[in-house]
Amino acid sequence: MSKTVQALSQMSPTRSSVLWGTIMSSVPKLLMPIVGILLFLAVWNGVAKSIDTSLGQFPGPAQVWEQVVTLVDEHQAQREKAKAFYSRQEERNAERLALDPDYDAKVREYTGAPTFFDQIWTSLYTVMIGFLIASVIAVPLGILCGLSRSAYAAFNPLIQLFKPVSPLAWLPLVTMVVSALYVSDDPMFSKSFITSAFTVSLCCLWPTLINTAVGVSNIDSDLVNVSKVLRLKPLSHVRKIVLPASVPMIFTGLRVSLGIGWMVLIAAEMLAQNPGLGKFVWDEFQNGSSESLARIMVAVLTIGLIGFLLDRLMLSVQRWVSWDKAAVLR
Amino acid sequence: MQTKHLELTQVGIDFPTPKGPFNALTDVNLKIHKGEFISLIGHSGCGKSTVLNIVAGLHHATQGGVILDGSEVREPGPERAVVFQNHSLLPWLTVYKNVELAVKQTQRQKSKKQIRDWVLHNLELVHMTHALDKLPSEISGGMKQRVGIARALAMEPKVLLMDEPFGALDALTRAHLQDSLMDIHAELGNTVIMITHDVDEAVLLSDRIVMMTNGPSATIGEVLDVELERPRDRLALADDPAYNHYRHEVLTFLYEKQKKIETVTNRKRASGGASSKKSNVA
């Protein structure tokens with residue numbers, strides 16, 4: 001930011017005056033967040049120096065940044081290796097085919113250790129699938145509970161009972177159930193993926209369900225009366241009146257759900273040793289090298305950043321879906 | 001020409017409360033002819049809206065019943081279209097789409113072109129064709145109410161039910177809409193039941209004014225026939241002795257015979273209730 005400001009101030013004043021104006025007007029908006037971040041980095045740096053752990057000094061911003069670079073390098077090295085592996089394999093298969101046309105060429109997967117970025121991708125994929133499963137169940141169920149008092153009365157005790165349950169209590173049960181039921185010689189998904197995704201789903205259900213039910217039951221009674229006078233059939237009542245009217249509440253629920261799902265997933269991956277960012281953190285902790293803490297810190301910041309981006313993503317989906325473009329979304 | 005059309009017989013309704021049933025209405029008897037314009041007037045809380053909602057089918061009478069053209073009213077339906085006080089347009093649909101939804105829903109046999117023509121025709125009646133693609137939030141309160149009326153008319157109702165349709169509007173807009181409503185009524189000849197608390201509005205628009213007593217157990221107090229020539233002109237009528245006589249009749253009913261007694265103790269209790277509600281919310 002400060003660099004751009006300097007660069008711009010050296011430009012000719014006439015050409016840059018308009019641009020300068022827009023930048024200056026956004027400075028107050030950006031100023032305080034930047035101050036906040038700089039302050040945090042300073043405090044972190046100061047405090048880190050005074051903490052000595054059995055794995056060495058607590059990493060400051062500089063060490064963490066160093067590890068970011070290392071992790072990127074490691075990822076690229078791993079990709080190079082994989083590429084080399086596949087090209088060697090292709091060559092070998094081509095040779096074998098040349099000698100023997102009947103040879104059934106086998107393509108073997110590269111089995112190198114997953115890098116930090118592979119783990120990010122695994123976690124993202126898992127949380128999205130878990131969240132989708134939960135939403136597909138929770139939104140219709142929430143609408144049902146919002147529309148019908150008796151459905152709400154039937155589901156409410158269950159919701160209240162399961163809502164406060166920690167995902168980690170579910171984990172052993174889900175693991176055992178998945179192992180028992182998901183038996184296939186050629187599984188499309190790995191068991192660990194299914195376990196993690198279902199654990200996420202179990203925790204994503206409740207906020208969406210409750211918010212949807214509340215949103216639907218609080219629809220303006222005049223709008224419901226309009227629907228009655230028009231004799232809308234139940235399905236078109238839901239589609240034309242209920243869904244648009246409760247979009248804001250549904251999305252509030254979805255955003256809370258996705259946030260919870262992301263937190264739950266990391267914990268579940270740590271506990272179950274399922275691939276993902278949680279496993280990365282746990283492996284680094286077990287590894288116990290002098291860089292481990294800095295690498296864990298990279299993971300912590302990444303988890304936070306991704307959680308934030310997921311929330312923004314939901315917000316833009318809401319903007320896209322909602323009819324009320326003027327509504328202030330935050 | 002005037003045949004029995006809409007008939008309310010011994011209509012009464014009880015609402016369940018924790019202290020037992022509350023009798024809001026009792027013995028409401030009213031016969032309405034086709035094409036008649038009826039106003040329901042009375043103090044707030046006297047059950048005007050309840051009568052309207054029973055005719056609409058949104059409330060069910062506990063005693064008696066409503067018969068429209070020989071069949072009993074059991075549920076809401078487009079032949080008894082309602083214009084709500086707060087317009088209640090769907091905020092996510094444009095002006096055009098709001099009316100279109102009603103047309104598509106009630107006249108399934110119509111072709112695409114017929115639907116479009118009918119929507120435009122009804123919006124033309126209320127002079128709203130200039131704002132077809134506007135959302136309700138982008139137009140004024142009076143315009144929203146116009147669209148609400150267009151939507152109700154587009155259902156081709158036998159009876160048009162209006163619940164204080166102009167109550168939330170300023171005086172000038174209200175006068176405009178009253179004139180529009182008179183024009184539309186002259187053109188289409190719908191049967192209209194309108195709730196109002198505005199004496200001038202009632203006299204200006206109605207063929208008959210139904211005055212209701214105060215609740216609980218509210219009922220019809222008096223019915224006033226307004227025999228003024230149509231079309232009516234609000235300016236000419238302002239000096240008309242007959243018009244002023246009708247006004248006087250209604251005012252006498254409302255402020256002498258059915259004077260609302262609000263005692264000091266009542267008011268205290270009401271404000272106490274309100275403040276305790278507030279603290280609950282906080």
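In the predicted model, His87(B) touches Lys144(B), Gln145(B) and Gly148(B), leaving aside residues up to four places away in sequence. His87(B) itself lies in the loop between S6 and H2 of chain B. This residue counts as buried because 23 C-beta neighbours fall inside 10 Å of His87(B), where 20 or more are required. A further relation across the chain links His87(B) with Arg151(B): the two are 64 residues apart in sequence, and their C-alpha atoms are 10.0 Å apart in space.

Strand S6(B), which precedes this loop, belongs to an open sheet of six strands in chain B, ordered S6-S7-S8-S3-S9-S10 and mixed in its pairing. The edges are occupied by S6 and strand S10 (220-225) of chain B; each has a single partner strand, so one side of each is left without a neighbour in the sheet. From one strand to the next, the twist averages 20°. Helix H4 (residues 141-154) of chain B packs on this sheet, where H4(B) touches S6 and strand S7 (159-163) of chain B. The direction of H4(B) makes about 175° with that of S6(B).

At one end of the sheet order, S6(B) and S7(B) are joined in the parallel sense over four bridges, and Val82(B) has Leu161(B) in S7(B) as its bridge partner. In a regular strand, side chains alternate between the two faces of the sheet. Both faces of S6(B) are covered, with Arg80(B) and Val82(B) buried on one side and Ala81(B) and Val83(B) buried on the other. At the opposite edge, strand S9 (residues 208-212) of chain B runs antiparallel to S10(B), and five bridges join the two. Within this pair, Ile209(B) stands opposite Leu224(B) of S10(B).

Chain B also contains an open sheet of four strands, in the order S2-S1-S4-S5 and with antiparallel pairing. Its edge strands are S2 (20-33) and S5 (71-72) of chain B, each of which pairs on one side only. Ten bridges connect strand S1 (residues 4-17) of chain B with S2(B) in the antiparallel sense; Glu7(B) has Lys31(B) in S2(B) as its bridge partner. Helix H1 (residues 48-56) of chain B packs on this four-stranded sheet and touches S1, S2 and strand S4 (63-68) of chain B. The directions of H1(B) and S2(B) make an angle of about 70°.

Between the chains, 16 residues of chain B are in contact with twelve residues of chain A. Strand S6 (80-83) and helix H2 (95-106) of chain B each supply at least two residues of the side of chain B that touches chain A. The largest share of that side, four residues, comes from H2(B). By residue class, the side of chain B that touches chain A divides into eleven nonpolar residues, five polar residues and no charged residues.

In chain A, helix H6 (residues 167-181) has 15 residues, and at 1.5 Å a residue its expected span is 21 Å; the end C-alpha atoms of H6(A) are 20 Å apart, which agrees. H6(A) nevertheless contains a kink of about 25°, centred on Leu173(A). Buried residues of H6(A) are Pro167(A), Trp170(A), Leu171(A), Val174(A) and Thr175(A). The elements covering these buried residues include helix H7 (191-217) and helix H9 (234-272) of chain A.

Notes: Residues numbered from 1 in each chain as written. Chains lettered and ligands numbered in written order. Predicted model: local features only at pLDDT ≥ 70, side-chain atom pairs only at ≥ 80, totals over all residues. Pairing = 2+ DSSP bridges. Contact = placed C-beta atoms within 7 Å. Axes fitted to C-alpha atoms, helices over the stretch in contact; angles between N-to-C directions. Nonpolar A, V, L, I, M, F, W, Y, C, P; charged D, E, K, R; others polar. Buried ≥ 20, exposed ≤ 12 C-beta atoms within 10 Å, placed from the backbone. Expected span 1.5 Å × (residues − 1). Bend = angle between axes of the 7 residues up to and from the residue.
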